[in-house]
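Dear colleague,

I am passing on the structure we spoke about, and below it you will find my notes on what came out of going through it. Please read them with the coordinates open beside you.

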Amino acid sequence: MLGLEGAPPVHALTTKKTCDPSGMTFATGGAGVLYSTSHEVPALAKQVDTFRKMVKDGTITEKQPSHSVALVAFSGNDYAGTGVIGLSSPNDINAYIGKVTKEIAANVDQLLKLGVTKVLVNNLHPIGCTPSHTRTNNYTTCDIFENLGASIHNDNLKQVMTSKKNVYIVDVYTAFTNIVDHAAGKGSELSKQFKHKLSPCCESLDSDGYCGQQGESSAELLYAVCDNSNRFFYWDDMHPTHARWEAVMKQLEKPLREFVNQA
């Protein structure tokens, strides 16, 4: 959509005091909004602060943010790591989700203050439909309690973003649901593309294992991979396949282009 062959370079792998003309990626695997799975992984505020320092020291010029679009991508690590959704009392869930969405809003404000003219924030996908949550029922139905938690997050996010100008919420929840919320062979043409919507292409042979796991010998593979990943919505327990992302982006591209191109 932006005319780039790939994503902008990763900050952690970039020479100091440099910034590629295409932009920069501050996101780090395992990071969350309030916490990270490792103390070495920067949470959202730390990522935004790194961007701020690069603007202040001139590595990123003051003009660059004014011609930029920032994507604040959230996949639910704060909830997966703490098990907050589906395990706590309703009051605890609402309070915790409120902390997460307010922190997202605070960091969006920081980006706007630094001169970024447009900010994209995705809402939370239906996490109850990921194979890690559908395995218990043989990959037949989504976990309604997990999806309820995602809906609460999305409602809160919408509330804290309503008054902000130049901020667009990318509705990945609906884009996902339009595909996975149908039986095999049912739904739209995009949905019919996926024969396997709730099961993973790559699956561990051990219920406590993971895709890509090896035994003591590197030749001993403790996982199995499907023959045609394009027929699967999910690659492993939680990550989508490339085909799935393409199907999701087909739904999102038009409104995204309209937001990015508006004066």
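How many nonpolar, polar and charged residues does the lining of the second largest pocket have, by class? Before the answer, please bear in mind that this is a predicted model, and that what follows was computed from it. The lining has 1 nonpolar, 6 polar and 5 charged residues, and the pocket itself has a volume of about 240 Å³. Its lining is made up of His 11, Thr 14, Thr 15, Lys 16, Lys 17, Thr 18, Lys 46, Thr 50, Lys 53, Met 54, Asp 57 and Thr 59.

Some of these residues lead on to helix 1, which covers residues 44–56. With 13 residues at 1.5 Å a residue, helix 1 should span 18 Å, and its end C-alpha atoms are indeed 18 Å apart, so the expected and computed values agree. Buried in this helix are Leu 44, Gln 47, Val 48, Thr 50, Phe 51, Met 54 and Val 55. Seen down the axis of helix 1, these buried residues fall within an arc of 150°, and they therefore line one face of the helix. They pack against helix 2 (63–66), strand 1 (69–72) and helix 4 (90–113). Thr 50 and Met 54 are among the buried residues of helix 1, and both also appear in the lining of the second largest pocket. After helix 1 comes Gly 58, which has a positive phi, near 85°.

Helix 4, one of the packing partners of helix 1, can be checked in the same manner. Its 24 residues should span 34 Å at 1.5 Å a residue, and the end C-alpha atoms lie 35 Å apart, which agrees. The buried residues of helix 4 are Ile 93, Tyr 96, Ile 97, Gly 98, Val 100, Thr 101, Ile 104, Ala 105, Asn 107, Val 108 and Leu 111. Just after this helix, Gly 115 takes a positive phi of about 100°.

The loop between helix 5 (131–134) and helix 6 holds Asn 138, and Tyr 139 is placed in that loop as well. For Asn 138, phi is near 60°, a positive value in a residue other than glycine, and for Tyr 139 phi is likewise positive and near 60°. Are these two buried or exposed? Asn 138 is exposed, with a relative accessible area of 60%, whereas Tyr 139, at 17% relative accessibility, counts as buried.

Helix 6 itself runs over residues 144–161 and includes Asn 147, which counts as buried because its relative accessibility is 11%, under the 20% cut-off. Leaving aside neighbours within four places in sequence, Asn 147 is in contact with Pro 126, Ile 127, Gly 128, Cys 129, Cys 142 and Tyr 173.

Tyr 173 belongs to helix 7 (residues 172–180), where Val 172, Tyr 173, Ala 175, Phe 176, Ile 179 and Val 180 are buried. These residues cover an arc of only 170° around the axis, which puts them on the same side of helix 7.

Lastly, Tyr 210 sits in the loop between strand 5 (202–204) and strand 6 (223–225). Tyr 210 and Leu 222 are 12 residues apart in sequence, and their C-alpha atoms are 8.1 Å apart in space. Beyond its neighbours within four places in sequence, Tyr 210 is in contact with Ser 204 and Tyr 223.

With best wishes

Notes: Residues are numbered from 1 along each chain as its sequence is written. This is a predicted model: local features need pLDDT of at least 70, side-chain atom pairs count only at pLDDT 80 or more; totals for chains, interfaces and linings use all residues. Side-chain values use heavy atoms; hydrogens and water are left out. Helices (H or I, at least four residues) and strands (E, at least two) are DSSP runs, numbered from the N terminus. The expected span of a helix is 1.5 Å times one less than its number of residues. Buried means under 20% relative accessible area, exposed over 50%, partly exposed in between (1.4 Å probe, protein chains only). The arc is that of the directions from the helix axis to the C-beta atoms. Contact means heavy atoms within 4.5 Å. On a 1 Å grid over the protein atoms alone, a cavity is a set of points where a 1.4 Å probe fits but cannot get out, and a pocket is an open set with protein on both sides within 12 Å along at least five of seven lines; lining residues have an atom within 4 Å of a point. Grid points are joined across faces, edges and corners, and a volume is the space filled by probe spheres set on the points. Ala, Val, Leu, Ile, Met, Phe, Trp, Tyr, Cys and Pro count as nonpolar, Asp, Glu, Lys and Arg as charged, and the others, Gly among them, as polar.
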